[in-house]
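Q: Please take a close look at one part of this structure, the packing of its helices and whatever is attached to it, and set it out step by step. I would like the geometry first and the residues afterwards.

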Amino acid sequence: MTPIAPLALAAALSATSVDPHVTQLAAAVDPARMQATVAKLVSFGTRHTLSEAQSPVRGIGAARRWLAGEFAALARQPGARLQPFEDRFTQPPAPRIPRAVEIWNVGAVLPGTDPARAKEAIVLTGHYDSRGSDVANAEVDAPGADDDGSGTALMLELARVLSREQPAIAVYFVAVAGEEQGLNGSTHLAQRLKQEGVRVVAMTAVDMIGSSAGQDGVHDDVSARLFSEGVPAAETEPQRKLREALGGENDGAAREWARYVKRVGERYVENLDLWLMLRRDRIARGSDHLAFSKEGFPAIRLVEAHEHWDRQHQDLRAVGGRAYGDVLAHVDFAYAARLGRALLAAVAELAAAPAPPAEVRLGGAVSPDTHLRLALPADPRAAALVLYRRRADGVTWQRATRYPRQAELVLPDVVPDNFVFAVATVDAEGRESLPVYPGKLE
Ligand SMILES: [Zn+2]
């Protein structure tokens with residue numbers, strides 16, 4: 001086997017170009033529109049999953065009908081390719097659900113244009129349900145401005161900005177309910193998509209992106225957290241064995257998606273530091289991405305870096321001069337829009353990118369050279385390859401090297417024991433697929 005020289009020397013990361021179209025899309029994310037959406041959501045008083053469903057002005061029924069109308073209106077805009085999406089079901093009694101209740105997940109789908117990849121999709125969610133101090137109290141005011149009015153507002157905003165795009169694969173923008181009661185809406189959505197044969201290649205739960213002032217006294221409007229599982233929740237026994245052989249605890253597909261969002265997001269948004277959190281969520285807490293992880297989909301959470309617990313899951317009140325409650329005034333929409341722009345850039349790039357390698361096999365154990373063999377995708381847009389590499393004590397990729405489209409990569413004098421590898425495809429415009437971690441040893 002002859003070693004193949006990389007196309008460019010490009011030892012450093014971020015050799016990828018910036019797409020002016022994506023820059024333009026990201027700039028269109030409008031904090032004022034997000035603020036107007038959250039103000040409207042707050043006006044429904046409470047959006048508790050078990051709250052009033054018939055009133056035109058108060059409760060979850062009014063909120064979901066309004067949201068469905070907004071998504072439908074976006075789909076009717078001239079030139080929009082969006083289709084309204086609805087996932088309605090009756091949730092039977094469950095913990096935190098004392099009686100059967102109708103739940104609506106509402107949103108829009110931007111269909112993909114590549115017929116060979118018609119079943120692939122990116123899914124984004126924000127949860128529009130809210131709660132007060134007592135999770136069972138469906139009557140008390142629960143404005144839920146940050147949690148998760150902010151994520152819900154981003155769903156509408158991303159759907160609006162991307163509505164005319166023609167990505168290769170579909171993008172779902174969904175406002176889900178039942179999160180606070182036990183991820184009921186997202187669980188139904190994930191199971192439904194799986195049953196329909198939709199292959200979710202990347203999912204992100206956007207849950208709380210508006211607090212730039214934390215309970216810890218820190219004011220920080222440039223940082224946010226990406227939570228992802230390293231070991232897939234739905235890992236099979238053969239996958240477990242391979243992971244143990246390869247040491248792949250830090251390279252589940254969700255983790256690769258988190259790295260992708262960080263890399264692309266920070267490329268397009270100035271003054272942004274996305275923290276690659278090596279855990280699936282905050283300690284003993286979760287969000288809608290976990291429902292997708294459970295079904296075997298790569299799912300992560302985007303959330304502010306500094307939470308303020310006086311403003312989370314709290315009835316509106318003042319005690320000894322200390323104000324509690326998740327109100328509009330505490331949401332920093334410039335910050336929320338900044339995070340939204342980063343996610344938009346990552347989604348726009350991935351949705352338009354070519355199909356990734358179907359499989360990557362790693363060889364070279366007890367050898368001074370690394371051998372990688374690839375099953376290349378049929379996708380003719382996969383013009384070249386990008387080999388990502390980091391030393392095995394690293395967290396983020398340290399090198400990205402471009403290669404021509406070929407089925408084998410040989411790295412002389414690179415002992416595979418000391419490095420981690422993944423391979424992406426890239427099109428002529430520089431749009432990259434998700435990097436694929438070796439799925440076989442040889
Ligand atoms: Zn939440």
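A: Angles under 35 degrees between two axes count as roughly parallel, whereas those from 65 to 115 degrees count as roughly perpendicular. What follows describes a predicted model, and the description of each packed pair rests on two quantities. Two packed helices are described by the angle between their axes and by the distance between those axes.

The place to begin is helix H4, which spans residues 145–161, together with helix H3, which spans residues 60–76; their axes come within 9 Å and cross at roughly 15 degrees. H3 and H4 are therefore roughly parallel to each other, and the crossing in which H3 passes H4 is right-handed. On the H3 side the contact is made by Trp66, Leu67, Glu70, Phe71 and Leu74, and on the H4 side by Thr152, Met155, Leu156, Ala159 and Arg160. Sorted by class, this contact of H3 with H4 comprises seven nonpolar residues, one polar residue and two charged residues.

H4 also carries part of the metal site. The protein donors of the zinc ion are His127 through NE2, Asp147 through OD, and Asp207, which is listed twice through OD, and these donor atoms lie 2.0 to 2.5 Å from the ion. The angles among the four donor atoms run from 54 to 148 degrees, and the site is classed as irregular. For a tetrahedral label, all the angles would have to lie between 85 and 135 degrees. Along the chain the donors follow the spacing H-x19-D-x59-D. Asp147 lies in helix H4, while Asp207 lies in the loop between strand E5 (199–206) and strand E6 (223–228), so this pair ties together parts that are 60 residues apart in sequence. The backbone at Asp147 deserves attention as well, since a cis peptide bond joins Asp147 and Asp148, with omega at about 0 degrees, and Asp148 is itself found in helix H4.

Helix H10, residues 333–352, offers another view of the packing, through its pairings with H8 and H2. Helix H8, residues 253–268, packs against H10 at an angle of about 110 degrees, with the two axes 8 Å apart. That makes H8 roughly perpendicular to H10, and their crossing is right-handed. From H8 the contact draws on Trp257, Tyr260, Val261, Val264, Gly265, Arg267 and Tyr268, and from H10 on Ala342, Ala345, Ala346, Val347, Glu349 and Leu350. These residues divide into ten nonpolar, one polar and two charged.

The axes of helix H2, residues 31–42, and H10 come within 9 Å and cross at roughly 110 degrees. H2 and H10 are therefore roughly perpendicular to each other, with H2 passing H10 in a right-handed crossing. Here Pro31, Met34, Gln35 and Val38 in H2 meet Phe333, Ala334, Ala336, Ala337 and Arg341 in H10. By class, the contact of H2 with H10 has seven nonpolar residues, one polar and one charged.

One further backbone detail belongs to a loop: Leu183 has a positive phi of about 60 degrees although it is not a glycine, and Leu183 lies between helix H5 (179–182) and helix H6 (184–195).

Notes
Residues are numbered from 1 along each chain as its sequence is written. This is a predicted model: local features need pLDDT of at least 70, side-chain atom pairs count only at pLDDT 80 or more; totals for chains, interfaces and linings use all residues. Side-chain values use heavy atoms; hydrogens and water are left out. Axes are lines fitted to C-alpha atoms, for helices over the stretch in contact, and angles run from 0 to 180 degrees between N-to-C directions. Helices (H or I, at least four residues) and strands (E, at least two) are DSSP runs, numbered from the N terminus. Angles under 35 degrees count as roughly parallel, over 145 as roughly antiparallel, 65 to 115 as roughly perpendicular and the rest as oblique. A crossing is left-handed if the near helix is turned anticlockwise from the far one by less than a right angle, and right-handed if clockwise. Contact means heavy atoms within 4.5 Å. Ala, Val, Leu, Ile, Met, Phe, Trp, Tyr, Cys and Pro count as nonpolar, Asp, Glu, Lys and Arg as charged, and the others, Gly among them, as polar. Donors are N, O and S atoms within 2.8 Å of the metal (3.2 Å for Na, K and Ca); water is not among the atoms, so sites may look incomplete. Four donors count as tetrahedral if all angles lie between 85 and 135 degrees; four count as square planar and six as octahedral if opposite donors are over 155 degrees apart and all others between 65 and 115; anything else is irregular.
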